[in-house]
Amino acid sequence: MRYWVHADTFDVGDLKGKATKVLEEASEACEAARSWERAPGDATPLMRRNAITECCDVIQAALNLAAALGATQ
């Protein structure tokens, strides 16, 4: 499976803050995935969407860090 992501980066905070943000968002994604696994049947779609949204937050934070390190593509 292949995913294409289009995201605009933004420069907020210092480099250490950007690196820490990746870890924070990854932790939230892990918790969301665990919640999705434990969700009762009727809550599953909402919990799945929340887990995917948290994954997107990880991608955004990682791209912001990469941009701060000078990556352009």
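Biologist: What should helix 1 span at 1.5 Å a residue, and how far apart are its end C-alpha atoms?
Modeller: The 24 residues of helix 1 should span 34 Å, and the end C-alpha atoms lie 35 Å apart, which agrees. The expected span is 1.5 Å times one less than the number of residues. Helices are DSSP runs of H or I with at least four residues, strands are runs of E with at least two, and both are numbered from the N terminus.

Biologist: On what basis were these values obtained?
Modeller: This is a predicted model, where local features need pLDDT of at least 70 and side-chain atom pairs count only at pLDDT 80 or more, while totals for chains, interfaces and linings use all residues. Residues are numbered from 1 along each chain as its sequence is written, and side-chain values use heavy atoms, with hydrogens and water left out.

Biologist: And what is the end-to-end distance for helix 2?
Modeller: Its end C-alpha atoms are 36 Å apart, in agreement with the 36 Å expected for 25 residues at 1.5 Å each. Just after helix 2, Gly 70 adopts a positive phi of about 105 degrees.

Biologist: Which residues of helix 1 are buried?
Modeller: They are Lys 18, Val 22, Glu 25, Ala 29 and Ala 32; buried means under 20% relative accessible area, exposed over 50%, and partly exposed in between, with a 1.4 Å probe and protein chains only. Helix 2 is included in what covers them.

Biologist: What do the buried residues of helix 2 pack against?
Modeller: They pack against helix 1. The residues concerned are Ala 51, Glu 54, Ala 61, Asn 64 and Leu 65.

Biologist: Glu 25 is on the helix 1 list. What does it touch, apart from neighbours within four places in sequence?
Modeller: Glu 25 is in contact, that is, with heavy atoms within 4.5 Å, with Glu 54, Asp 57, Val 58 and Ala 61. Its relative accessibility is 7%, which is why Glu 25 counts as buried.

Biologist: Which residue meets Glu 25 in a salt bridge?
Modeller: Lys 21 does, at 3.2 Å from N to O; a salt bridge is a side-chain nitrogen of Lys or Arg within 4 Å of a carboxyl oxygen of Asp or Glu. The two are four residues apart in helix 1, so about one helical turn separates them. An α-helix has 3.6 residues a turn, so residues three or four places apart point the same way.

Biologist: How many salt bridges does a search of the whole structure find?
Modeller: The search finds four. Among them, Asp 11 pairs with Lys 18 at 2.8 Å between the closest N and O atoms, and Arg 34 pairs with Glu 31 at 2.6 Å. Asp 11 is exposed at 67% relative accessibility, whereas Lys 18 is buried at 7%.

Biologist: Changing topic, why is there no bond between the sulfurs of Cys 55 and Cys 56?
Modeller: The sulfur of Cys 55 is 7.0 Å from that of Cys 56, the closest cysteine sulfur, and this is too far for a bond. With a disulfide taken as a pair of cysteine sulfur atoms within 2.5 Å, the count comes to zero. Both residues are partly exposed, Cys 55 at 42% and Cys 56 at 45%.

Biologist: Where does Cys 56 lie, and how far is its C-alpha from that of Ala 29?
Modeller: Cys 56 lies in helix 2, residues 44–68. Its C-alpha is 8.9 Å from that of Ala 29, although 27 residues separate them in sequence.
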